[in-house]
Amino acid sequence: MRSFRDRDRDPALRARRWAGGLALALVLPLAGCATGTGTGTDGDADSGRPGASSTAPAPSATAAPEVRAQLRVDGDVRQYLLHRPPAPAADGDDGPRPLLVAFHGRGADAAELRAKTRLERAATARGMLVAFPEGLGRGWGAGTRATKQRPDPGLDVRFTEALIKHLVRTERADPGQVYVAGFSNGGSMALRMAAERPALLAGAASVSGQLPTGDAAVEPTGPVPVMVVYGADDPVRPLAGLPSPPPDPKEPILPTRSARDSAAAFAAAGGAGEPVTRQQKGYERTVWRLGKEASGGSRRPDGTVQLLVVDDAGHTWPGSTVPPPEGFGPVSRALDATDTILDFLTGPGR
């Protein structure tokens with residue numbers, strides 16, 4: 001089996017991947033990690049939403065209490081879905097709770113990401129609060145370039161920061177255990193938060209999302225544990241990235257780094273040494289260990305940056321039971337991205 005580094009660096013293979021990704025991007029112009037407003041069926045391209053006729057699985061009897069709430073930030077009333085872990089017993093620990101903020105893909109919403117990932121169930125078992133915010137226009141400003149659709153590219157960063165502070169104050173979220181994660185455009189949003197607010201977060205994870213580059217570039221500014229999970233055969237946002245995406249009149253598609261370069265940028269900002277790559281069953285894991293001291297953030301002696309490239313996987317959430325749209329590639333069963341991400345974020349050796 002060829003390693004993802006061989007696949008990423010083979011010029012002929014990169015050309016074939018680019019051609020396939022470009023063709024699909026032209027068919028689905030809102031796919032990938034573009035910023036701005038996107039609605040209707042066009043927007044569903046990025047989300048992996050199976051279609052209007054499908055329904056989310058019914059919550060179990062033991063599902064965590066759920067509430068829809070709103071928060072006014074910068075003059076906008078923003079919506080979010082909050083899952084609380086069950087209340088502890090009278091003699092149990094009623095202290096601050098870890099918090100996970102999870103960003104949906106473009107064209108999707110909080111309920112879709114919840115159904116696809118079941119993050120709230122896995123997080124509840126760990127005693128975590130989970131907030132699923134709703135993006136404006138069903139998308140996120142994952143890059144720094146202003147567009148006609150999103151003239152203020154920092155809006156979603158400020159909203160996320162305000163949401164975290166609000167939940168620390170009102171839900172007893174632990175400010176020392178705040179994490180972000182997301183899928184596709186939402187994955188890129190999670191990476192932007194980790195890049196620009198490393199001291200605010202204890203960790204971040206992205207599935208099928210890369211760091212924007214070019215005139216929308218996002219640069220990591222300090223050490224933070226980060227995991228990037230990526231399908232080796234992603235036809236929407238190729239493993240090698242989209243350095244020169246095609247133009248689109250409705251929504252500018254942001255250029256992105258490769259999945260490896262996205263992870264490596266966080267490793268460099270964290271003072272990491274050389275990475276170690278190991279082949280595991282169904283995927284390849286590359287690990288950079290963060291330096292004990294790095295400028296721009298706190299001391300994280302046990303932190304890592306990890307890249308998991310999943311074999312035979314497309315623009316999908318590994319382990320999901322929700323089928324992706326046609327053209328998005330297969331869902332890998334070799335890895336449960338939900339448990340893998342939460343184990344990474346909350347584990348002692350992240």
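Buried here means under 20% relative accessible area, exposed means over 50%, and partly exposed lies in between (1.4 Å probe, protein chains only). This is a predicted model: local features need pLDDT of at least 70, side-chain atom pairs count only at pLDDT 80 or more, and totals for chains, interfaces and linings use all residues. Residues are numbered from 1 along each chain as its sequence is written, and side-chain values use heavy atoms, with hydrogens and water left out.

**Helix α7**

Helices (H or I, at least four residues) and strands (E, at least two) are DSSP runs, numbered from the N terminus. Helix α7 covers residues 185–196. Of its 12 residues, 11 are buried, so α7 is largely enclosed by the rest of the structure. Among the buried ones are N185, M189, R192 and A195. From first C-alpha to last, the helix reaches 16 Å, close to the 16 Å expected (1.5 Å times one less than its number of residues).

**Strand β10**

Strand β10 spans residues 304–310, and 7 of its 7 residues are buried, so the strand is largely enclosed by the rest of the structure. T304, Q306, L308 and V310 point one way, while V305, L307 and V309 point the other way. In a regular strand the side chains alternate between the two faces of the sheet.

Two strands pair if DSSP finds at least two bridges between them. β7 (residues 226–231) runs parallel to β10, joined by 6 bridges. β9 (residues 283–289) runs antiparallel to β10, with 7 bridges. Q306 has a partner in each: M227 stands opposite Q306, and V287 has Q306 as its bridge partner.

**Salt bridges**

A salt bridge is a side-chain nitrogen of Lys or Arg within 4 Å of a carboxyl oxygen of Asp or Glu. The structure holds 15 of them. Three are listed here.

| Pair | N to O distance |
|---|---|
| K116 and E112 | 3.0 Å |
| E161 and R197 | 3.3 Å |
| R257 and E219 | 2.7 Å |

K116 and E112 both lie in helix α4 (residues 110–117), 4 residues apart, about one turn of the helix. K116 is buried at 6% relative accessibility. E112 is buried too, at 9%.

E161 forms its salt bridge with R197. This pair links distant parts of the chain: E161 sits in helix α6 (residues 155–170) and R197 in the loop between α7 and β6, 36 residues apart. R197 is partly exposed, at 25%.

R257 forms a salt bridge with E219. R257 lies in the loop between β7 and α8 and E219 in the loop between β6 and β7, so the pair ties together parts 38 residues apart in sequence. R257 is buried at 17%, whereas E219 is partly exposed at 47%. Elsewhere, salt bridges that share partners join D74, D152 and R158 into one network.
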